[in-house]
Structure formats: C-alpha cells, structure tokens
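Thanks for sharing this one. Here are a few notes to read alongside the model, with the ligand and the pockets as the main topics.

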Amino acid sequence: MKDLIIAANWKMNKTVPQSISFISDLDIRISQWKLNPKLNKLEILIFPPAISLYPMNGRSEFISLGCQNIYFEESGAYTGEIAVDMIREYSKYALIGHSERREVFSETDEEINKKIKTSLSAGLTPLLCVGETLDEREAGNTFTKINAQLKNDLSGLSSEEIEKIVFAYEPVWAIGTGKTATPEQAQEVHEFITNEINKISGKENKRMILYGGSVKPENSKELLTKKDINGALIGGASLNVDSFFAIIEKSLELV
Ligand code: PGA
C-alpha cells in the first residue's frame with residue numbers, strides 16, 4: 001500500500017471550455033469514492049494550459065492543479081512568460097524541466113534550477129522532470145545523464161528544500177512514442193534517482209518519483225506496483241477523460 005500521484009500533462013491541448021467540461025466530468029466520476037478513505041492516499045493532479053487554471057480552479061475538491069511552466073523572474077519585461085504570482089492561487093504544483101521545455105525551448109539546467117527556487121519561494125511544489133534520450137540510453141549513458149541533470153537542477157538547494165520537490169522520470173524515447181519503459185527498466189532508474197537525491201541532499205529519505213512516458217490504462221498498474229514508482233505523469237492518455245479515469249480507477253486499487 002502506498003501513496004500515489006496521478007498527474008495529467010495536457011501540454012498545448014484543450015480550450016478553456018474543454019478544460020472545464022473535462023474537470024467537471026472527472027469530478028463527478030471521482031466523487032463516487034468520496035467516502036472511501038483510500039482516496040486520501042491518491043493525489044489527482046492536472047497540468048492544463050495556463051489560461052485554464054483560473055476557470056478550472058475551485059471546480060473539484062478531489063483534483064489539484066499545476067502550471068506547466070513558470071518564469072523565474074518575479075515580473076517585468078518578459079513578453080509571453082508567466083510569473084508565479086499570476087498562478088500561485090490556482091496552482092499547487094509547477095512542472096519544471098519537462099523534456100519538451102528542455103529540447104523545443106532550449107531550457108538549460110541553470111534556468112531550471114532558478115525556476116525550482118522561484119517555485120519553492122512562492123510556495124508551489126516543483127515537479128522536476130529528468131530523463132535520457134534514446135541515443136544516451138543506447139550509449140549506456142542513462143545514469144550519467146540523470147546524475148548530471150539532478151546535480152545541476154538541484155544545485156544550491158538545502159535538504160529541506162529538496163524534501164519539498166516531487167520528481168518525474170521521463171525517458172525521452174518513451175514520451176508520446178507508444179514505447180514505454182518496462183516496469184523493471186523504470187524501477188532501476190527510480191531507485192538510482194532516489195539514491196542520487198539522497199546523496200545530493202545528504203539525507204536518506206523516501207522520495208516521490210513519478211514515471212512518465214506512454215503510460216496508459218493497459219500498462220499503468222504494472223508500473224505503479226514497483227517499489228520506487230510513486231505515480232504517473234500522463235500526456236496522451238490524459239486527454240481523454242475515459243482513459244485518464246481508467247488509470248485513476250486502477251491506481252485506487254494500489255493505495
Ligand atoms: P505521454 O507524455 O504520456 O504522451 O508519453 C508524457 C509526458 O510528456 O509527460
């Protein structure tokens with residue numbers, strides 16, 4: 001029995017009306033378990049497009065919200081960016097360092113590190129994503145890559161600050177490709193990440209580490225039963241309320 005976080009990353013999908021109708025539908029389905037104490041061990045979370053955060057806020061007592069990206073500066077001349085102050089009332093989490101941000105928008109570890117610090121000082125929980133590309137995996141560099149990302153992204157943070165971070169292992173080769181890491185491959189990396197974070201923070205602790213990369217109702221349960229896998233970050237399969245709900249339903253059996 002464990003605590004799990006089941007998170008939807010909608011990426012650049014869904015209009016405001018579509019976001020509202022999704023959360024309303026999901027809320028009705030989840031409310032059937034409102035008297036089930038297991039529901040308290042499951043955190044259900046959605047990262048919608050930023051524009052949907054305000055209209056989605058307050059529509060479900062069972063679903064938390066997070067922002068897909070924030071900027072590290074407080075305010076000012078940064079056209080197109082989102083400051084933590086603009087979303088903190090409607091977001092519990094900030095997704096940071098997703099591979100699409102790193103690759104498509106050339107985000108560096110230095111910027112990611114600043115974003116983590118800004119999120120923490122605003123009281124948001126950073127959900128930090130790390131993971132290797134296919135080339136890195138095939139060259140045997142998975143652990144070197146993840147070690148470097150963690151060291152750089154967590155640089156200068158105290159062990160108390162690191163305690164507040166939730167992590168996601170997202171092998172880049174498994175994102176949106178239909179190729180999932182096997183539960184064994186994922187568990188191996190999750191264990192490595194736990195140990196690395198413990199070394200960096202100087203404290204042995206349990207870490208919340210989600211797996212992401214082509215998670216769907218058919219494979220979620222095997223992944224989530226693994227010891228160091230504490231949840232899932234779901235892209236494609238979270239866009240449809242039936243498949244996202246099916247993953248939640250299966251997860252409830254594991255908590
Ligand atoms: P996917 O995306 O489930 O579509 O592979 C996961 C993610 O990018 O967070």
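A residue counts as near the ligand here if one of its heavy atoms lies within 4 Å of it. Please also keep in mind that this is a predicted model.

1. Let us begin with the ligand's surroundings. There are 13 residues around the ligand, and those that come nearest are Lys11, His98, Glu170, Gly176 and Ser214. By class, this shell holds 7 polar, 4 nonpolar and 2 charged residues.

2. The backbone deserves a look too. Gly176 places a backbone N or O atom 2.7 Å from an oxygen atom of the ligand. For Gly235, a polar backbone atom is 2.8 Å from a ligand oxygen, and a backbone N or O atom of Gly236 also lies 2.8 Å from an oxygen atom of the ligand. The protein buries 95% of the 290 Å² that the ligand exposes when taken alone.

3. Which pocket does the ligand sit in? The ligand occupies the second largest pocket, which has about 230 Å³ of space. Its lining is made up of 20 residues, with Gly176, Ser214, Gly235, Gly236 and Ala237 closest to the centre. That lining divides into 10 polar, 7 nonpolar and 3 charged residues.

4. The largest pocket is worth a visit as well. About 470 Å³ of space lies in it. Of its 16 lining residues, Met12, Gln68, Asn69, Arg101 and Phe105 lie nearest the centre. Helix α4 (residues 99-104) gives the largest share of this lining, 3 residues. By class, the largest pocket is lined by 7 nonpolar, 5 polar and 4 charged residues.

Definitions and conventions. Residues numbered from 1 in each chain as written. Predicted model: local features only at pLDDT ≥ 70, side-chain atom pairs only at ≥ 80, totals over all residues. Heavy atoms only, no water. Polar contact = N/O pair within 3.5 Å; in protein donor to acceptor, adjacent residues only side chain to side chain. Areas by Shrake-Rupley, 256 points an atom, 1.4 Å probe, with all protein chains shown as cover. 1 Å grid on protein atoms, 1.4 Å probe; cavity = no way out; pocket = protein on both sides within 12 Å on 5 of 7 lines; lining within 4 Å. Sits in = over half its atoms within 2 Å of the grid points. Nonpolar A, V, L, I, M, F, W, Y, C, P; charged D, E, K, R; others polar. Points joined across faces, edges and corners; volume = space filled by probe spheres on them. Helix = DSSP H or I, 4+ residues; strand = E, 2+ residues; numbered from the N terminus.
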